Amino acid sequence: MHRHGPTEDIDESALTVTAPKKQAAGVTAVAVALKRSVEEMGVVRTARTLARLNQVNGFDCPGCAWPEPSGHRRPAEFCENGAKAVAEEATLRTVTPEFFAAHSVAELAGKSGYWLGQQGRITHPMVLRPGDTHYSPISWDEAYGLIADQLRALDSPDEAVFYTSGRTANETAFLYQLLVRSYGTNNLPDCSNMCHESSGAALIGSIGIGKGSVSIDDFGKADLIIVAGQNPGTNHPRMLSALSDAKANGARVVAVNPLPETGLLGFRDPQTVRGVTTGVAIADDFLQIRLGGDMALFQGLGKLLFEAEDRAPGTVVDRAFVDAHCAGFAEYESHTRAVDLDVVETATGLSRAELEHTARLLAESRSTIICWAMGLTQQAHGVATIEEATNLLLLRGMIGKPGAGVCPVRGHSNVQGDRTMGIWEKMPDSFLDALDREFGITSPREHGLDTVHAIRAMRDGRAKVFFGMGGNFVSATPDTDVTEAALRNCALTVQVSTKLNRSHVVHGRTALILPTLGRTDKDVVDGVKQHVSVEDSMSMVHLSTGRLEPVGDQLRSEVAIVCELALALFGADHPVPWARYRGDYDKIRDAIARVVPGCADYNTRVRQRNGFVLPHPPRDSREFRTATGRANFAVNELTWVPVPEGRLVLQTLRSHDQYNTTIYGLDDRYRGVHGGRRVVLVNADDIAEFGFADGDLVDLVSEWTDGVERRVRAFRVVAYPTPRGNAAAYYPETNALVPLDHVAARSNTPVSKAVTIRLERHVHVGAES
């Protein structure tokens, strides 16, 4: 039975604010997850779906990339937000051709992203032709022909951009990059460009591989875990279980964050008796750092570790590891000993006592893990900051030993797998050589466009076709007005999607929506059930099998869409056997096994109970495949983010009721925000100093060196325990404040965690945007 979505949009006048919660998860999380699931899927579909989520022979959560345990899995191996993600995808609500006939594109463009997403699953391929006011149905063959004609008409393959979301499975990602390179370009921007690109850039230079070095089992062996710039309670809630288990084994947890995050302060595991009653205080120490002060923190801790080594020679610096495996130590030591701790205190907002206490924990720890997420990567000096965190681990010999290592926590289900499969605008020649040998094609060697460069190219008319394999490009990217104008400048925009989002109403002169199967959907080809595979954030590769009947017979799998488009574009005599891959995913995995490093015997190993782990030389054998053949200490000038007089430094973040750009609901109950999203969290003393009061309506205006005014209107001021001079607000509503050219050095990641803003009293001027 199909259902319709809500008719009413967000009403921010209903917004209320209460005190932040002190504990996360618990019975409330279970109740919310079940309520949302039943509303979207119904009782029977909810029971059938959640029982398979993250289970062996089940399907992988379409939300975050946190790994499943290698041993026993609990009956409910998912979190509240994982259940919400599944409910969003497995909903019975549908968006049919009749829906598009009833709603013009102009009308849909006036709706919020929340309202669009709540309408349900798209059931048919749709087209918007030049001059049309409404999307109308189109056959699959006609859609493929339209795309192929547009691509063949370009002056150069580099005039097309092929974006990828992290939701895409390994088989699709491999075929997608193969199609793009067969066509003749490396323009493969993806969502990694906006999140963990800084992690990859830093780790490749430091240890030779841009992935984390720990497994889920290492958390049970660690005695110190530092969680920096990350909010597991909202973004990776199952991580709280791993941290809780680590604490039960004696680990100490240090949280480093500008905001007190509920999940790190108190966790109630609803699957344990203690979780229902009292819960666990996850963070033993909370370092409330100022935005942009993390590099200073890690450099200051390095200086204090050298001072501790001076007091007790041979007890702090792991000389055996450094001498055998590292390069650049002398330069790092000289630079770090010269760090001014007074500057570190100013940059971080932390006291000398807090710094010294944390340094003692590092010096005494036998096994340390450092975890991080967007709080570090989306800084202008994000790459250098992660290098400095890695320096601390190298100094202590904390790479390639149980319970220790680097742990970048990826935010989207298969974003790491996509990169492994070749979704990168700068894949090494060794990968391209293997691709060419396998398929008899000639891959281009010139590096392609990342996300920021792709927006610039579309803006400037150098890119004319945009193809989005999943995701919500408009709402995920910075500088919203510029990005929207760039897409509207295209001749053709194509979105492969499960549900409506903002990217469908911000379109090129011709626009296509191609409806695809989701992770929960059954994928059957010629009567044979197909499986896909994904890689979690700790390099485990495993199968995922959807079980639900699709909401309509017009949905295609992403694999089918890539293969059928390739046949339309290249013809049946192309050297890549697209028709064979369309009908048998095992054949795709056989090709992956021959091309992708570490994937030998893919079909056999991925069918093991837990799948298989990809090789990681630093973790496996303390082998560092860098230019020096060693792990490299990095030397960086100490950089931090001072707050200009009368201004604030803003970080954009998620509410608890969203995942990336998908808005599940209007409550951020952990922070005490209910019924709305247009809020800005500001320290009470800053509110008073600026002449405002808690509850006032203000406009946020960002300031950047280009002198362009970027403004978002009518945000409610909320007094919140942020550091002085710092503020926080939800994205995508505040993406408009992030300048396209405000990017991290060496990774080109948009700097969404250090935006200088001023507050102006809001003046109502007609209809508000």
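This report looks at a helix and the pocket beside which it lies, at one buried acidic residue, and at some unusual backbone angles.

The structure is a predicted model, in which local features need pLDDT of at least 70 and side-chain atom pairs count only at pLDDT 80 or more, while totals for chains, interfaces and linings use all residues. Residues are numbered from 1 along each chain as its sequence is written, and side-chain values use heavy atoms, with hydrogens and water left out.

Helix α9 covers residues 197-207, and eight of its 11 residues are buried, so the helix is largely enclosed by the rest of the structure. Here buried means under 20% relative accessible area, exposed means over 50%, and partly exposed lies in between, for a 1.4 Å probe and protein chains only. Helices (H or I, at least four residues) and strands (E, at least two) are DSSP runs, numbered from the N terminus. Among the buried residues of α9 are E197, G200, L203 and I207.

Helix α9 also gives the most to the lining of the second largest pocket, with six residues. A pocket is found on a 1 Å grid over the protein atoms alone, as an open set of points where a 1.4 Å probe fits, with protein on both sides within 12 Å along at least five of seven lines, and lining residues have an atom within 4 Å of a point. The second largest pocket is lined by 39 residues, of which I204, I209, G210, K211 and W424 lie nearest its centre.

D523 sits in the loop between β17 (510-515) and β18 (524-525). D523 is buried yet has no salt bridge, and R582, the nearest side chain of opposite charge, is 5.6 Å away. A salt bridge would need a side-chain nitrogen of Lys or Arg within 4 Å of a carboxyl oxygen of Asp or Glu. For charge, Lys and Arg count as positive and Asp and Glu as negative, whereas His and the chain ends are not counted.

Most residues other than glycine have a negative phi, and most peptide bonds are trans. The table lists three residues with a positive phi.

| Residue | Phi |
|---|---|
| G208, just after α9 | about 95° |
| D601, not a glycine | about 55° |
| N660, not a glycine | about 50° |

D601 is partly exposed, with a relative accessible area of 46%, whereas N660 is buried, at 19%. Finally, a cis peptide bond, with omega about 10°, joins Y731 and P732.
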